[in-house]
Amino acid sequence: MNPKDSLREEHGTIMKMLSVLQRFFVKPMSLKDGEAKDLEELIEFFEIYVDRHHHGKEEQGLFPALSRARTTDIDSLISSLLDDHCQARDYMKQIKSHAASIQSCTGVDFDEFKEVAQRFVELVRKHIRKENSEVLPLIEERLSEIERFQMSGQFHDLEEATFGLRGLETFLVGVRILYLKYYRQ
Amino acid sequence: MRVKIDYDLCMGDQNCNKVCPEVFDFDQDQLQSKVRVDSVPAHLEDKVRQVARECAPGAVIIEE
């Protein structure tokens with residue numbers, strides 16, 4: 001798969017799982033049996049698939065390649081996207097911290113979880129729309145076929161380093177189940 | 001056929017606008033797609049089905 005389609009498909013998966021996270025913060029403050037475990041799996045998705053795998057591809061592959069191509073204003077755009085990644089990481093740490101005690105939480109704890117989760121969802125949705133609109137088109141406009149081919153190889157290596165023998169497809173099976181359970185019922 | 005956008009899922013990649021501009025518009029401020037028509041003209045129904053299949057987050061919802 002070419003790098004643009006690969007990142008675009010991942011953006012689609014992330015948008016779906018943001019909607020699942022949204023279901024958790026519009027629910028009543030107590031979680032039913034199994035839902036705490038589902039929330040843990042959801043957090044694992046954002047830490048591994050989004051931050052390590054997807055952001056890894058962008059930070060180690062895409063952004064340096066676009067920066068080398070000296071596209072107009074690309075460095076300031078990349079800088080703002082990297083700031084978003086840092087902010088998202090910080091929000092996810094807070095979400096994880098609140099989720100750890102959410103089964104026995106007070107209303108205040110749940111409100112804090114809800115607030116930071118909402119901020120995370122809004123930030124990442126806006127970030128993805130910006131990347132789809134302003135960054136992904138540059139892959140075909142500014143990078144040569146050789147550069148795109150090299151990036152595909154780099155993406156493949158990153159995928160293996162992140163998911164190893166378990167494999168990305170196996171990881172995504174659980175993700176699809178969560179999506180069907182909480183969003184497209 | 002009717003079609004709508006799930007705005008929580010729309011990721012603004014504009015594929016729907018490129019494939020079927022007669023039915024889908026793009027809001028440059030919100031960076032999201034919009035539906036331009038109340039009901040889809042019969043000759044564009046297959047294109048809209050294609051758009052729904054290709055939408056990675058599944059934001060294009062068809063009501064037959």
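**Entry 1: terms and model**

I start with a term: a residue counts as lining a pocket if it has an atom within 4 Å of one of the pocket's grid points. I also note that the model is predicted.

**Entry 2: the second largest pocket**

I looked up which residues line the second largest pocket. From chain A I listed A:Asp84, A:Leu123, A:Lys126, A:His127, A:Arg129, A:Lys130 and A:Glu134. From chain B I listed B:Asp29, B:Gln30, B:Leu31 and B:Gln32. Which element gives the largest share of this lining? I found helix 4 of chain A, with 6 residues. By class I got 2 nonpolar, 3 polar and 6 charged residues. The volume came out at about 220 Å³.

**Entry 3: the largest pocket**

Next I turned to the largest pocket. Its space is about 480 Å³. I found 22 residues in its lining. Which of them lie nearest its centre? They are A:Glu9, A:Tyr49, A:Leu168, A:Glu169 and A:Leu172. I then checked the elements behind the lining. Helix 1, helix 2 (35-68), helix 5 (145-163) and helix 6 (168-182) of chain A each give two or more residues. I sorted the lining by class and got 10 nonpolar, 5 polar and 7 charged residues.

**Entry 4: where chain A meets chain B**

I moved on to the contact between the chains. Chain A brings 17 residues to it, and chain B brings 18 residues. Which three residues supply the most of the area that chain A buries against chain B? I found A:Arg8, A:Arg129 and A:Arg184, which together supply 42% of that area. A:Arg129 I had already met in the lining of the second largest pocket. Between them the two chains bury about 1300 Å². Carbon and sulfur atoms hold 47% of that area.

**Entry 5: polar links across the interface**

How many salt bridges join chain A and chain B? I counted 2. One pairs the side chains of A:Arg125 and B:Asp8, at 3.4 Å from N to O. I also found 7 residue pairs in polar contact across the interface, with both residues at pLDDT 80 or more.

**Entry 6: the side of chain A that touches chain B**

Last, I asked which helices of chain A supply at least two residues each to this side. They are helix 1 (3-25) and helix 4 (107-142). Helix 1 gives the most, with 8 residues. By class, this side of chain A has 4 nonpolar, 6 polar and 7 charged residues. Helix 4 of chain A thus appears twice in my notes: on the side that touches chain B, and in the lining of the second largest pocket.

Terms used:
Residues numbered from 1 in each chain as written. Chains lettered and ligands numbered in written order. Predicted model: local features only at pLDDT ≥ 70, side-chain atom pairs only at ≥ 80, totals over all residues. Heavy atoms only, no water. Contact = heavy atoms within 4.5 Å. Buried area = accessible area lost by both parts, 1.4 Å probe. Salt bridge = Lys/Arg side-chain N within 4 Å of Asp/Glu carboxyl O. Polar contact = N/O pair within 3.5 Å; in protein donor to acceptor, adjacent residues only side chain to side chain. Helix = DSSP H or I, 4+ residues; strand = E, 2+ residues; numbered from the N terminus. Nonpolar A, V, L, I, M, F, W, Y, C, P; charged D, E, K, R; others polar. 1 Å grid on protein atoms, 1.4 Å probe; cavity = no way out; pocket = protein on both sides within 12 Å on 5 of 7 lines; lining within 4 Å. Points joined across faces, edges and corners; volume = space filled by probe spheres on them.
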